[in-house]
Amino acid sequence: KTSQGHRAKSSVFWLAMEVDMAVPDEERDVLNTTSFELLEMTPEQTEVIQEAWEMFLDCYESTDAAGEALHDAIIDAAPTLTTLFTMPRAVAAMRFQEGLHQIINSLAEPDDVKNLVDILGFKHLNLELTVARVEVIRDAILELMGNELGPSLTPHMAEGVLQVLNYVGGALIYIRSHYAERVKILNQSWEEANCEREKKKEKQKDAQERAKAEAEELKKLKESLSQDALAEEEAHEARMQKHRKEKEQDVPRTFFDMFCFNAAVMDLLQPWMYEVLDCFDIIVLNAGNTFRLQEECDILTLKMAKVDKTPNLSDFKAVMLASLRSLIPKGWTAQHEAAWTWLWEHVESLLQAQIGRISQRERLLTNFFASLDDESRMSVTWALYGKFFELVPAGQEYFKQSASRLAMIANRVLEMSLDLFKYPYRMVDEISALGLRHVGYNVPIEYFGPFVSACIETLQEKLEVTEGIAESFAWSVGIISRMLVRTIKEGSTIVMKAINQNDKELLRSALSCAPRGARAEWVLTISVGTQSISPLLWAVESGTWKAAELIIEDLLTIRADREQYYYGLDDLFERHPDFVEILATKATSLLKPLFDGMIWRSHLAHDGLRRGNYYIKHLVVDAKGNFPDAMDNLVRLNDPQIALHPLIMRLSDVIWTGVVRPRFLRENAWLLFTLLLFVIDHGMLHGEDSASRSIIFLCRVLIYVFAMPVLIHGRVRHIRQAVRDGEVVQLGCIPVPQRYVDNWREPATVILALALLISLCLEPILYCANHSSGSFEGAGLFTSLCPEARQEREAYNLMSMVVIAMYMALLMDLATLSRKMAAYVLVALNVLPELFLLLISIGFLILMFATCIAVSRNDVASFQTFPMAILRLFQFSINTKGDSELMAIAESPLLCVAIGTFVALTSLGSFSIFVAQLTCAHHEIYANMVGFAGLRRMQIEVDSLQYLKPKTWKGFVEGLRLDE
């Protein structure tokens with residue numbers, strides 16, 4: 001079957017050539033789309049066509065310029081053909097010109113021409129090539145050549161070029177229609193060859209579940225059976241496990257296993273084959289997608305070049321066919337043989353075309369970039385953006401960063417073009433991750449092509465690079481651009497598009513398309529290759545919190561499908577174990593929706609109460625069995641409203657009653673016991689007789705030997721741990737552990753330990769050890785009242801006051817046993833600033849009136865000097881004045897008025913204002929005081945769990961039965 005196309009009658013070139021050309025229109029416009037034979041041409045025809053082509057290339061400064069002219073001529077002839085050129089303009093033009101150049105230069109060898117056209121057709125399998133489109137492209141090329149060469153293009157030259165273009169165009173259409181059946185065979189046979197792969201995954205999953213069930217049964221048996229019966233049961237289980245493993249060691253049933261087996265048997269297994277096997281699944285599944293196949297083969301050549309620079313690719317074909325025949329023994333036919341041979345021959349040709357050039361390209365780019373100085377790089381940077389903004393003015397909206405940031409991006413593009421050759425494995429992952437980030441940035445993929453073109457043109461114009469360097473750079477950035485575009489296309493799901501618009505309704509509509517069992521995956525994972533991005537995390541980090549809130553609500557909604565229930569809490573914390581920390585630092589407003597979703601309340605009420613389930617498993621234990629950092633992050637957030645959330649209160653109560661309260665009581669009981677010893681020693685006994693002195697000595701020995709070392713050891717341990725974990729801050733020039741700043745108990749405990757240590761150094765009993773006998777009161781063994789220790793005794797008494805104060809301050813934590821009591825303590829501490837303001841105001845009034853009274857003449861002795869006046873006015877302010885001088889004060893009108901005014905200002909002014917301020921402060925704090933009390937308890941829980949034994953914690957978690 002043949003078809004005639006429409007010729008461009010308006011073409012000036014063809015109007016000039018029609019008279020002279022000997023070929024009729026019908027023959028000139030024929031495209032053979034029914035067969036794909038050899039292109040037989042005489043040596044004279046070959047020479048004429050090659051001469052015409054060389055003349056055409058000589059019309060331009062470079063072959064790249066000729067390619068761009070061909071590209072522009074085609075687009076000008078039919079703008080709708082722009083969709084066929086998905087690559088950047090510079091890359092597409094270069095490849096278009098190179099393809100024609102190779103075919104024309106190989107005309108003397110028909111087999112080579114057919115092979116080149118076959119490869120070209122394979123690359124264009126996914127393009128919608130029609131006769132009309134091919135004719136437009138053909139006529140555009142001929143018209144351009146006619147315009148450039150003019151009379152130099154003879155009719156015989158034009159006839160030969162036309163014949164070549166007709167051959168190529170018809171072959172492309174034939175290949176696309178004929179090889180579609182082969183692609184279908186490839187997909188079907190590949191699925192059949194790997195059917196055991198999915199079964200193997202299911203078997204592994206079943207084996208894991210079976211092993212878990214057997215472990216539970218064995219645990220129950222251990223509790224009920226005797227030692228002999230238990231040993232027999234374990235021996236039987238070991239035999240069964242060994243039998244299962246021997247049974248599973250069967251003939252390979254997947255393509256990967258079978259290939260390795262056959263390659264080892266045939267002695268053909270090479271390291272580069274593993275690289276091909278890793279991506280062979282993608283190659284087969286994209287046999288009909290030539291752009292994806294080309295990209296995968298280009299990446300594969302980069303990886304293979306690091307393993308073996310001269311691989312024998314035909315060895316892979318032999319092992320591949322042998323493995324497929326073994327896996328599909330019944331369904332294997334001649335069509336299968338032809339299809340798989342065809343696939344590998346094309347893959348081999350794609351690999352062979354590039355693998356020998358990788359080292360050369362890497363060497364060229366390495367030397368080139370090493371020769372660039374900073375000035376050259378900066379000139380390229382700004383010229384690049386100028387060129388890109390000239391091509392795509394709207395692109396300026398996506399490059400609003402600082403000048404240094406833009407320079408870094410441009411330099412990174414240059415570095416990535418070289419790093420792709422040096423580190424292909426790492427760069428593939430980095431480019432995929434970069435593409436996924438651009439999904440969140442919502443960058444149009446149409447801008448990548450012009451950006452790559454701007455990079456190539458800028459490098460050529462500004463630095464005047466050689467053709468080899470330009471080609472190497474273009475090839476590298478072309479791969480990077482294709483990978484980014486593909487990643488963005490695969491990652492731009494309807495969920496991500498809705499998140500970028502921060503539209504709840506659009507996101508709800510997108511999620512309604514997801515099956516119940518796949519909703520969690522839709523909002524938690526978008527995977528491309530080995531990289532993945534979380535739409536939920538992106539919504540949180542990008543500030544689209546409306547979308548993030550809807551995703552959280554959707555995840556934590558319980559859905560039922562017959563007997564199957566879906567609840568995304570496990571999926572959420574499996575994907576983001578630190579999700580509470582993320583919200584506490586970046587989106588605190590989303591904590592309440594998260595915690596609300598972790599509570600289920602029944603809609604049925606019994607006796608006025610509704611059942612509620614609190615799903616606190618992931619806040620109690622992480623995947624490793626340890627206590628997660630969620631509570632610590634909430635404590636650092638210091639939000640009392642979050643602490644008052646029912647879920648957090650329930651979590652705190654579970655931890656408190658389960659493991660922390662017993663430990664807390666033990667610690668504070670020891671603290672209280674040492675305080676009682678100190679009170680008995682210093683306040684109740686005075687050492688008049690030998691019995692009391694012995695008790696005093698015993699109490700102090702207990703304090704110095706048992707209590708003080710425990711305090712010192714705890715502080716040293718905390719400092720060592722802080723240094724090891726790097727949790728040290730600078731207070732002035734002194735480094736201190738972070739916990740000493742966050743928790744007031746720590747510095748208080750340090751002061752207590754130091755005070756006890758100083759007390760030991762000043763201990764009067766030690767100073768009186770050699771002076772225990774004498775005529776002083778209390779003389780005898782263990783006395784502390786000898787005259788020789790008078791000075792030390794005064795300093796010792798001061799340290800004793802400090803010790804008592806620190807003990808009492810630390811014992812304030814006993815209020816944590818009750819939330820109400822803890823809230824009362826917090827209220828009292830929070831109103832202390834108001835008391836300080838009162839003392840300042842009263843002090844000012846005392847100073848003012850004492851000064852006025854002291855300089856006035858009066859007959860009252862206690863008001864005649866300034867210090868005495870201050871003391872008396874202070875007594876009046878606290879209502880402890882004496883009555884002996886009231887009559888004398890009454891006899892002095894001036895003094896009476898001054899004191900009366902002072903009393904009125906202090907009683908009715910300062911104290912009334914203090915009461916009003918105290919009331920307002922209480923009302924302001926009252927709403928949050930229970931929350932702050934809960935935060936204080938949570939802080940104690942976090943601190944206590946750091947030193948809890950793993951065995952105790954494991955027993956506590958198992959006792960909660962969180963998986964039931």
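The exercises below work through helix packing, a cavity and a pocket in this predicted model.

**Exercise 1. At what angle do helix 34 and helix 39 cross, and which residues bring them into contact?**

Solution. Two packed helices are described by the angle between their axes and the distance between the axes. Begin with those two values: the axes of helix 34, which covers residues 646–684, and helix 39, which covers residues 790–810, come within 10 Å and cross at roughly 150°. Next, compare the angle with the cut-off: angles over 145 degrees count as roughly antiparallel, and helix 34 and helix 39 are therefore roughly antiparallel to each other. The hand of the crossing comes next, and for helix 34 and helix 39 it is left-handed. Finally, look at the side of each helix that takes part: helix 34 brings Asn668, Leu671, Thr674, Leu675, Phe678, Val679, Asp681 and His682, and these meet Tyr796, Ser800, Val803, Ile804, Tyr807, Met808 and Leu810 of helix 39. Sorted by class, the contact of helix 34 with helix 39 consists of ten nonpolar, four polar and one charged residues.

**Exercise 2. Describe how helix 17 packs with helix 19, and sort the residues of their contact by class.**

Solution. First take the geometry: helix 17 (residues 358–371) and helix 19 (residues 403–422) have axes 9 Å apart and pack at an angle of about 145°. The crossing of these two helices, helix 17 and helix 19, is left-handed. Then list the partners, with Ile358, Arg361, Glu362, Leu365, Thr366 and Phe369 on helix 17 meeting Leu414, Ser417, Leu418, Phe421 and Lys422 on helix 19. Sorting the residues of this contact gives six nonpolar, two polar and three charged.

**Exercise 3. Which residues line the largest cavity, and how do helix 5 and helix 22 pack?**

Solution. Start with the count, which comes to four cavities of 30 Å³ or more, and note that the largest cavity holds about 80 Å³ of space. Its lining is made by Asp64, Glu68, Ala90, Val91, Ala93, Met94, Ile456, Glu457, Gln460, Ala470, Glu471 and Ala474. The elements that give two or more residues to this lining are helix 4 (63–77), helix 5 (89–105), helix 21 (448–463) and helix 22 (467–491), and helix 5 gives the most, with four residues. By class, the lining of the largest cavity divides into seven nonpolar, one polar and four charged residues.

Now turn to the pair of helices: helix 5 and helix 22 pack at an angle of about 120°, and their axes are 10 Å apart. That angle makes helix 5 oblique to helix 22, and helix 5 passes helix 22 in a left-handed crossing. In their contact, Val91, Met94, Arg95 and Glu98 of helix 5 meet Glu471, Ala474, Trp475, Gly478 and Arg482 of helix 22. This contact has four nonpolar, one polar and four charged residues.

**Exercise 4. How much space lies in the largest pocket, and which helix gives the most to its lining?**

Solution. Take the volume first: the largest pocket contains about 1400 Å³ of space. Then examine its lining of 47 residues, among which Asp632, Val635, Gln939, Val942 and Asp943 lie nearest the centre of the pocket. The elements giving two or more residues to this lining are helix 32 (630–637), helix 35 (690–725), helix 36 (738–742), helix 40 (819–830), helix 44 (893–945) and helix 45 (950–960). Helix 44 gives the most, with ten residues. As a last step, sort the lining of the largest pocket by class, which yields 21 nonpolar, 13 polar and 13 charged residues.

Definitions and conventions: Residues are numbered from 1 along each chain as its sequence is written. This is a predicted model: local features need pLDDT of at least 70, side-chain atom pairs count only at pLDDT 80 or more; totals for chains, interfaces and linings use all residues. Side-chain values use heavy atoms; hydrogens and water are left out. On a 1 Å grid over the protein atoms alone, a cavity is a set of points where a 1.4 Å probe fits but cannot get out, and a pocket is an open set with protein on both sides within 12 Å along at least five of seven lines; lining residues have an atom within 4 Å of a point. Grid points are joined across faces, edges and corners, and a volume is the space filled by probe spheres set on the points. Ala, Val, Leu, Ile, Met, Phe, Trp, Tyr, Cys and Pro count as nonpolar, Asp, Glu, Lys and Arg as charged, and the others, Gly among them, as polar. Axes are lines fitted to C-alpha atoms, for helices over the stretch in contact, and angles run from 0 to 180 degrees between N-to-C directions. Angles under 35 degrees count as roughly parallel, over 145 as roughly antiparallel, 65 to 115 as roughly perpendicular and the rest as oblique. A crossing is left-handed if the near helix is turned anticlockwise from the far one by less than a right angle, and right-handed if clockwise. Contact means heavy atoms within 4.5 Å.
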